[in-house]
Every structure is written in C-alpha cells, then in structure tokens.
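Student: Got a minute to go through this one with me? I'd like to take it question by question.

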Amino acid sequence: MKPSTIIIFPGWGMEKAAFHPIIKSLSTICNVLYTDWRGVKELSDFRERAIQLLTSTQGTVYLMGWSLGSLVTLELASLYPNKIEGLILIGGTSRFTNDVHNTFGWEQRIVERMKKQLQRNKEKTLTAFYNAMFAKSEKEEEFHHQFVEVAQRDYQGDSTHSLLTGLDYLLQKDVRMQLNQIQTPCLLIHGRDDQICLPESSSFIAERIGGKVQLCILEKAGHIPFFTKPQQCTQLIEEFLEKELIYD
C-alpha cells in the first residue's frame, strides 16, 4: 500500500473523541489527521482551516467529512481535484436546509430556532442535538448515553459564538452546483434512520457527483454510524481504499 493520510472533518459541535471507535483501526492502514471547528469566528474559517491542513499534508490524501464536514469536504474536492485521491462522506449533505430543489433538508426556521435555544441554554441545546443523532434502535442499546459520557469526559467544548457560526454555515452553505465537477472517487455511508441528514441527501450526491461513487445505507443506524457500528464502517472504508484507490 502507498503511504497515505486521511483528514477528518467533523460535524457541528463535534470533536475528535467522537471518532475514537474507528480511529485506532484506520491508523493501522494510514495516517489519520483531524481538525475541528472550535473557535471559528466567521463562515470563511471553515474553508480556510480545512485548506490549511490539506495543503500542508504531503503524499496521498483522502478526505473524510461527517455532516457539516461533508460540505467542507465537497468544496475542497472541487477546489483541489489533483490533491485529493478519494472522499468518504458520512451522514453527508450538499445542502443542509430546504429550498424548492431540496425537500429533504431542515427547515430554515428550525435552525434559526436552534440558534435562539443555543443562546439561552447551550448545554441543553447540545444534549438535545446529541440525542437526535441516534436512531430508536441505537437508543435502546444506550448508545446516546455512552456518547454523552464521551462528550462530557473528552470534549473541550466550544464558545456559543463559534457554535452559532457553525449553524449559520449550515444555513448558507450550498455545494450542489459543484457536484458534477468532482471526479474524485467517493464513498457515501449513511444511516437509514438518520434524522439529522436524511439518507436522500447522500442519494442526491451519488446521483450527481462526477466521479465513481459507492453508496452504502446502514440499517438501524442514525447520524453517527461510526460510533454505533464502528466495525462495519471501518470495513467499508478499508475496502473502498483498497478497491478504488490503493490498488488502482
């Protein structure tokens, strides 16, 4: 195998600890780098922070974007087609909120309401969001409680302003028009019961992206399948790297 690096771009309000169930396994086959969105001050910070890490990384690079991070990943794929060997999108979307051409995103008023709730009670708003990431079957196995424990123990936390900026990014960012320009091979992993980004969001990307694409819908999984089904996700990622990229 070629020496390679996966750069992980997380979702809104998320930190590296969320990926611990898969990082150890992935680290045995490639280097794993991670950035987070803590302390962002304006919308351009998401792109600039990601570009800085990408352009400073030598060798073969793959990008992994989860949720909000998938928007960043897709934008970078359109900007740096020769730098990126492959894309892995988990719970991905090319447009988070609804419009006339996207009926499976969030209503903008829901995100605006979440912004108000965040300013009133940040911890309560984050906890409610954490719970929404898990499917009913996953909650029956107590995964949501396990995640809250991880967040309370290992997360450094973020400012209200930074989190609000992240919600504004989700309200405004739209990479749908760039999809057909992206020729980079792409693996899409999505939970069937994801209520944050509906599976149709990944189907939309799969139908319109320009390069080779593999869409994997995981049954009885919500918005964070790498936490609840780490072995399955790791296997899909490893097989994707081997089949589509490393032995190309």
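Tutor: Sure. One definition to start: a nonpolar core is a set of buried Ala, Val, Leu, Ile, Met, Phe, Trp, Tyr and Cys residues joined through side-chain atoms within 4.5 Å. Keep in mind that this is a predicted model.

Student: With that in hand, how many residues does the largest nonpolar core have?

Tutor: Several residues stand out for having the most contacts inside it, among them Trp 12, Met 64 and Tyr 130. Phe 19 and Phe 226 are on that list too. The core's residue count is 84.

Student: Take Phe 226, then. Which cysteine is it in contact with, leaving aside neighbours within four places in sequence?

Tutor: Its partners include Ala 18, Phe 19, Pro 21 and Ile 22. Trp 66 and Ile 90 are in contact with Phe 226 as well. The cysteine in the set is Cys 233.

Student: Speaking of cysteines, how many disulfides are there?

Tutor: A pair of cysteine sulfur atoms has to be within 2.5 Å to count. By that rule the model has zero disulfides. Take Cys 30: the nearest cysteine sulfur belongs to Cys 233, 15 Å away. For Cys 186, the nearest one is that of Cys 216, at 10 Å, so Cys 186 is in no disulfide under the 2.5 Å cut-off, and the total stays at zero.

Student: And is Cys 186 buried or exposed?

Tutor: Buried means under 20% relative accessible area. Cys 30 meets that with 7%. Cys 186 has 0% relative accessibility, so it counts as buried.

Student: On to the helices. How are H4 and H8 oriented to each other?

Tutor: H4 covers residues 108–120 and H8 covers 160–172, and their axes come within 10 Å. The crossing angle is roughly 180°. Angles over 145 degrees count as roughly antiparallel. H4 and H8 are therefore roughly antiparallel.

Student: What about H4 and H5?

Tutor: Here the axes come within 5 Å, with H5 running over residues 122–132. They cross at roughly 135°. That value makes H4, relative to H5, oblique.

Student: Which residues of H5 does H4 meet?

Tutor: From the H4 side, the residues involved are Met 114, Gln 117, Leu 118 and Arg 120. Met 114 and Leu 118 also belong to the group in H4 that meets H8. On the H5 side, the residues met are Lys 122, Thr 125 and Phe 129.

Student: Is Thr 125 buried or exposed?

Tutor: Thr 125 lies in helix H5. Leaving aside neighbours within four places in sequence, it is in contact with Met 114, Gln 117 and Leu 118. Its relative accessibility is 8%, so Thr 125 counts as buried.

Student: Now the backbone. What is the phi of Glu 142?

Tutor: Most residues other than glycine have a negative phi. Glu 142 sits in the loop between helix H6 (136–140) and helix H7 (143–154), and it is partly exposed at 39% relative accessible area. Its phi is positive although it is not a glycine, at about 70°.

Student: Lys 220 has a positive phi too, near 55°. Is it buried or exposed?

Tutor: Lys 220 lies in the loop between strand E6 (213–218) and helix H10 (225–228). Its relative accessibility is 57%. With the cut-off for exposed at over 50%, Lys 220 counts as exposed.

Student: Last one: which residues does UniProt list for the AB hydrolase-1 domain?

Tutor: The label comes from an unreviewed UniProt entry. In the model, that stretch is 44% helix and 15% strand, and its end C-alpha atoms are 19 Å apart. The listed residues are 5–230.

Notes:
Residues numbered from 1 in each chain as written. Predicted model: local features only at pLDDT ≥ 70, side-chain atom pairs only at ≥ 80, totals over all residues. Heavy atoms only, no water. UniProt positions renumbered as here; feature names shortened; annotations may be inferred. Helix = DSSP H or I, 4+ residues; strand = E, 2+ residues; numbered from the N terminus. Buried < 20%, exposed > 50% of the residue type's maximum accessible area, 1.4 Å probe, protein only. Contact = heavy atoms within 4.5 Å. Axes fitted to C-alpha atoms, helices over the stretch in contact; angles between N-to-C directions. Parallel < 35°, antiparallel > 145°, perpendicular 65-115°, else oblique.
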